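Work through the exercises below with the structure in view. Each task is followed by a solution in steps.

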Amino acid sequence: MLTVTRLHNAISAVSYMRRILTLARDYASKRIAFGTLLKDHPLHMRTLATLELETRGAMLMLFEVARLLGLEETGKADSRELQALRVLTPLLKLYTAKQAVWVVSEGLECFGGQGFIEDTGIPNILRDAQVLPIWEGTTNVLALDVIRALTPDLPDGVVNVLGSKKNEHGSYNDPFDLVAASPHAWTNLATKLNLLKLIDWQKNAPHPDMLTTSARDFAYTLGLHYIGVLLLEAANNGMAKETDTFAASEWINRGMSILKNPPSYSDADNQANTSLVMEGYTDTVSV
């Protein structure tokens with residue numbers, strides 16, 4: 001049941017992202033600021049391009065998980081595809097829900113004061129999007145679920161998930177082979193280093209508790225990598241457009257990891273976090 005409802009949540013998230021971006025794009029073609037249409041201001045268009053990139057990446061991830069669910073429901077999924085579906089379902093919900101809130105908030109800002117006025121209906125989009133990270137599993141709960149799904153098969157599970165899509169010959173796309181085969185030079189070093197860092201990090205995590213503590217950062221990083229692989233596949237497609245190539249380049253070159261070094265998730269660091277948060281706190285309420 002959770003597989004379907006988390007997919008529904010992601011559909012809503014991507015829909016809200018696309019809706020606010022469509023409205024913002026139209027507004028940029030009509031609103032004049034400093035004597036120039038917003039669409040003619042490079043800074044504004046760079047902001048919208050960032051939102052477009054997030055929306056495209058989320059949509060590709062959504063479609064891929066929907067494809068895997070279809071294979072599972074029709075009894076056509078093999079063990080690797082079932083594993084990918086198990087890991088990607090909470091990851092999809094986690095990533096798209098959080099990004100929807102951010103994208104919609106940024107999109108609302110693109111309207112200036114109009115984005116805050118209730119008569120426009122735009123504030124409703126942000127309020128509706130805000131519930132998406134909460135129900136069907138909060139971000140931390142889903143991050144732990146991703147770790148739980150991967151733990152029996154670390155670190156190979158990461159490569160299996162990232163390469164869970166079959167090519168035209170019916171064999172799986174190894175993410176490293178995909179990078180090596182890319183005609184775009186910018187993908188080779190940046191993507192390979194990111195993939196190696198993610199896999200190596202899991203190999204060197206000193207103890208299981210560290211995986212739990214880092215679950216949120218790890219899940220986000222895995223999501224960024226997975227979308228990077230999907231964008232790269234789209235850029236290498238024979239029908240790819242120049243915008244597909246640009247989207248993959250921007251995604252990969254902006255960085256795909258928020259994981260810190262292992263010591264940042266140690267017991268000592270956990271205690272330091274607690275001290276930082278609880279400093280000055282007392283449970284004695286004075287009236």
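**Exercise 1. Surface and fold**

Task: State how much area the protein exposes and what share carbon and sulfur atoms supply. Then describe the order of its elements.

Solution. Step 1: The protein exposes about 15,000 Å², and 57% of this is supplied by carbon and sulfur atoms. Accessible areas come from the Shrake-Rupley method with a 1.4 Å probe, and for residues only the protein chains shown count as cover. This is a predicted model, in which local features need pLDDT of at least 70 and side-chain atom pairs count only at pLDDT 80 or more, while totals for chains, interfaces and linings use all residues. Residues are numbered from 1 along each chain as its sequence is written, and side-chain values use heavy atoms, with hydrogens and water left out.

Step 2: The protein has 12 helices and 2 strands. Helices (H or I, at least four residues) and strands (E, at least two) are DSSP runs, numbered from the N terminus. The order from the N terminus is α-β-β-α-α-α-α-α-α-α-α-α-α-α.

**Exercise 2. The core**

Task: Find which residues have the most contacts inside the largest nonpolar core.

Solution. Step 1: Of the 287 residues, 45% count as buried, that is, under 20% relative accessible area (exposed is over 50%, partly exposed in between; 1.4 Å probe, protein chains only).

Step 2: A nonpolar core is a set of buried Ala, Val, Leu, Ile, Met, Phe, Trp, Tyr and Cys residues joined through side-chain atoms within 4.5 Å. The largest one has 73 residues, and Met61, Leu88, Leu222 and Trp251 have the most contacts inside it. Helix 3 (residues 79-109) gives the largest share of this core, 13 residues.

Step 3: In soluble globular proteins, nonpolar side chains tend to be buried together.

**Exercise 3. Asp145**

Task: Is Asp145 buried or exposed, and which residues is Asp145 in contact with, leaving aside neighbours within four places in sequence?

Solution. Step 1: Asp145 is located in helix 5 (residues 139-150).

Step 2: Asp145 has a relative accessible area of 9%, so Asp145 is buried.

Step 3: Apart from neighbours within four places in sequence, Asp145 is in contact (heavy atoms within 4.5 Å) with Arg6, Arg86 and Pro90.

Step 4: Thr212 lies 67 residues from Asp145 along the chain, and 9.9 Å separates their C-alpha atoms.

Step 5: For the protein, among contacts between residues at least 6 apart in sequence, 74% join residues at least 24 apart.
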